[in-house]
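Please work through the exercises below with the sequence and the structure open beside you, and try each task before reading its solution.

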Amino acid sequence: MERRLIYLDNNSTTPCDPRVVDAMVPYFYEKHGNAASRSHHFGWEAEDAVDYAREQVAKLIGADEKEIIFTSGATESDNLAVKGVFEMYAKKGNHIITAETEHKAILDACKHIEKMGGEVTYLKVQEDGLVSLSDLEAAIKPNTILVSLMWANNETGVIQPMREIAQICEKHGVLFHSDATQAVGKIPTLPREIGIHLMSFTAHKMYGPKGVGALYVSRKSPRVKVTAQIDGGGHERGMRSGTLNVPGIVGFGKAAELARLEMAQDAERISKLRDKLEAKLTELEETKVNGNINSRMPHVSNISFKHVEGEGLMMTFNQQVAVSSGSACTSASLEPSYVLVSMGLGDDLAHSSIRFSLGRFTQEEEVDQAIEAVAKGVNHMRDLSPIWEMYKEGVDLTKIEWSAH
Amino acid sequence: MAYSNKVLDHFTNPRNVGSLDKDAKNVGTGLVGAPECGDVMRLQIEVDEATGVIRDAKFKTFGCGSAIASSSLATEWLKGKKLDEAIAIDNMEIVEELALPPVKIHCSVLAEDAIKAAIKDYQQKNGVVVDSAAESTQA
């Protein structure tokens, strides 16, 4: 019997919704114009399509169309937000606050800021993955220009207290940027209502195509400006030059429209499946769910299976189920997840963690099959694990003098 | 990164998984690596005291597919070897046999360390004083 590989790695990327692809196709063929061509029908047609898509994207996040800057994806949006604010507000200050558990796009952009003479504070997070609001407030200084904290974490799904963070930023007159890549399209994300001034997100985490994203930039109270990082023809109100990716933007617009209409029912269905997966897998001995389960995305579960190494475990079932260990961006390296380590998990538990991320197309029978395959894999790997045997014999593993290598 | 067929074979059907009596005089145990590093190997040998030949070998490994395959292969190679032949096993032989990619070479190094640690443990139990290069944790 041919069996489809079960995809539980939707935080890496989501498959395109077929309705998104259908909407895009004409813009590769007969409607192939450049949205910046003002002199003929093809250009007008492309411009109209981009306008409609921009409206849909804006509607999803409760913004004005003029507040949407299209980019190549969330990494570019993050770079534009961090570096663009740093340059634009250089006269006001040079200090940025972020957290250790941010995506590399933010962390590496902040490293760049430090090289440019800026100052960055990397907040630690608490055991449940949340930043401490008092730590945040204490870190704000007279030269602080920006706080950049993600809406939902890619590895654990933990949702930061956006409203409270926004209030602190408001109180101190500091701009607030959020990398909302994992949240937009899956839970309500309304930057204006909450008090977020810049927000990054991308199409391919919400059933749209890869290669297109957006940066929300508030236009009133306050009117925020960022210095362009890509110079050229002055597209996107001068903040991001380059011929617009019309088919991609059309797909992004369709994905946003679908997300707005279907988000609530998707979230309800998917969270039930996630809860089932989590309940069944934590029936296994010595497991731990990572991150605050009361402030978490509805489709994510990050579980440590003690005394089993994550990469080896994945290999037991990767012919049936696709998941990731740590984050997809770092699992090519041998380092354990820096997100989990920042949450105070020991390196051993971080090495033992698996991220399950469900999606719009996940079916209940797939979840059932995944539970069976993963449980079987955990038991198999524990039979092979010397430290599981030692744990079972009552050996205190912390007392052993391990040879680090 | 795709695994080689040999790694997959050893991972799917690991040879010689299990434990030998670590207190037995003719058993040598090597425990190397650390949970924090994501790899722990325990390799045990049972030696025929009369001939110095390794009669049996067992392993248990906490680690990735390559670590499990490296230790599984090591137990296969150890059986029937004399101690001086066993101690000469080089990690690069494991790398070649399993076609390990560069990021997984440390798995073969760990397997070599485990072999040397097991032999050293056996020799110490039996009053043989050797100046072994392998400075690994003993169980």
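What follows is a set of exercises with worked solutions on a predicted model.

**Exercise 1. Find out whether chain A is as compact as a globular protein of its length.**

Begin with the make-up of chain A, whose secondary structure comes to 13 helices and 12 strands. The next step is to compare two values: the radius of gyration of chain A is 22 Å, and the globule rule, which is 2.2 Å times the number of residues to the power 0.38, gives 22 Å for 405 residues. Because the two values are close, chain A is as compact as a globular protein of that length. As further description, the C-alpha atoms of chain A fill a box of roughly 75 × 60 × 35 Å along the principal axes, and buried residues make up 52% of the 405 residues. Finally, if one takes the contacts in chain A between residues at least 6 apart in sequence, 73% of them join residues at least 24 apart.

**Exercise 2. Check whether the length of helix H3 of chain A agrees with the expected span, and say how many of its residues are buried.**

Helix H3 of chain A covers residues 74-88, which makes 15 residues. The expected span is 1.5 Å times one less than the number of residues, so H3(A) should span 21 Å. The end C-alpha atoms of H3(A) are 20 Å apart, and this agrees with the expectation. As for burial, H3(A) is mostly covered, since 13 of its 15 residues are buried by the count of C-beta neighbours.

**Exercise 3. Describe the surroundings of strand E10 of chain A: which strands pair with it, and which residues lie on each of its faces?**

Take the pairing first. Strand E9 of chain A, residues 287-289, pairs with E10(A) in the antiparallel sense over three bridges, and here Lys288(A) stands opposite Ser304(A). Strand E12 of chain A, residues 353-357, is also antiparallel to E10(A), with five bridges between them, and Val300(A) has Ser357(A) as its bridge partner in E12(A). Now turn to the faces. Val300(A), Asn302(A) and Ser304(A) are on one side, while Ser301(A), Ile303(A) and Phe305(A) are on the other, and all of these residues are buried. This fits the count for the strand, in which six of six residues are buried.

**Exercise 4. Examine the backbone at Tyr207, His307 and Pro222 of chain A, and say where each residue is found.**

As background, most residues other than glycine have a negative phi, and most peptide bonds are trans. Tyr207(A) has a phi near 70°, which is positive in a residue other than glycine, and its place is in the loop between strand E7 (198-202) and E8 of chain A. Because Tyr207(A) has 29 C-beta neighbours inside 10 Å, it counts as buried. His307(A) likewise has a positive phi, near 70°, and is found in the loop between strand E10 (300-305) and helix H9 (310-317) of chain A. With 25 other C-beta atoms within 10 Å, His307(A) is buried. For Pro222(A) the point of interest is the peptide bond: the bond that joins Ser221(A) and Pro222(A) is cis, with omega at about 0°. Pro222(A) belongs to the loop between strand E8 (213-217) and helix H8 (246-281) of chain A.

**Exercise 5. Build up a picture of the sheet of chain B, and then of the side of chain B that touches chain A.**

Three strands of chain B form an open sheet in the order E1-E2-E3, with antiparallel pairing. E1 and E3 of chain B are the edge strands, each pairing on one side only, and the twist averages 15° from one strand to the next. Nine bridges join E2(B) to E3(B), and within this pair Leu43(B) has Phe59(B) as its bridge partner. Helix H2(B) lies across E2 and E3 of chain B and runs at about 170° to E3(B), whereas H5(B) packs on the sheet, touching E1 and E2 of chain B, with its direction at about 145° to that of E1(B).

The last step concerns the other chain: 25 residues of chain B are in contact with 22 residues of chain A. The elements of chain B that give two or more residues to this side are strands E1 (27-34), E2 (39-48) and E3 (53-62) and helices H2 (65-78) and H5 (105-125). The largest share, four residues, comes from E1(B). By type, the residues of this side divide into 14 nonpolar, eight polar and three charged.

How values were computed:
Residues numbered from 1 in each chain as written. Chains lettered and ligands numbered in written order. Predicted model: local features only at pLDDT ≥ 70, side-chain atom pairs only at ≥ 80, totals over all residues. Contact = placed C-beta atoms within 7 Å. Nonpolar A, V, L, I, M, F, W, Y, C, P; charged D, E, K, R; others polar. Pairing = 2+ DSSP bridges. Axes fitted to C-alpha atoms, helices over the stretch in contact; angles between N-to-C directions. Buried ≥ 20, exposed ≤ 12 C-beta atoms within 10 Å, placed from the backbone.
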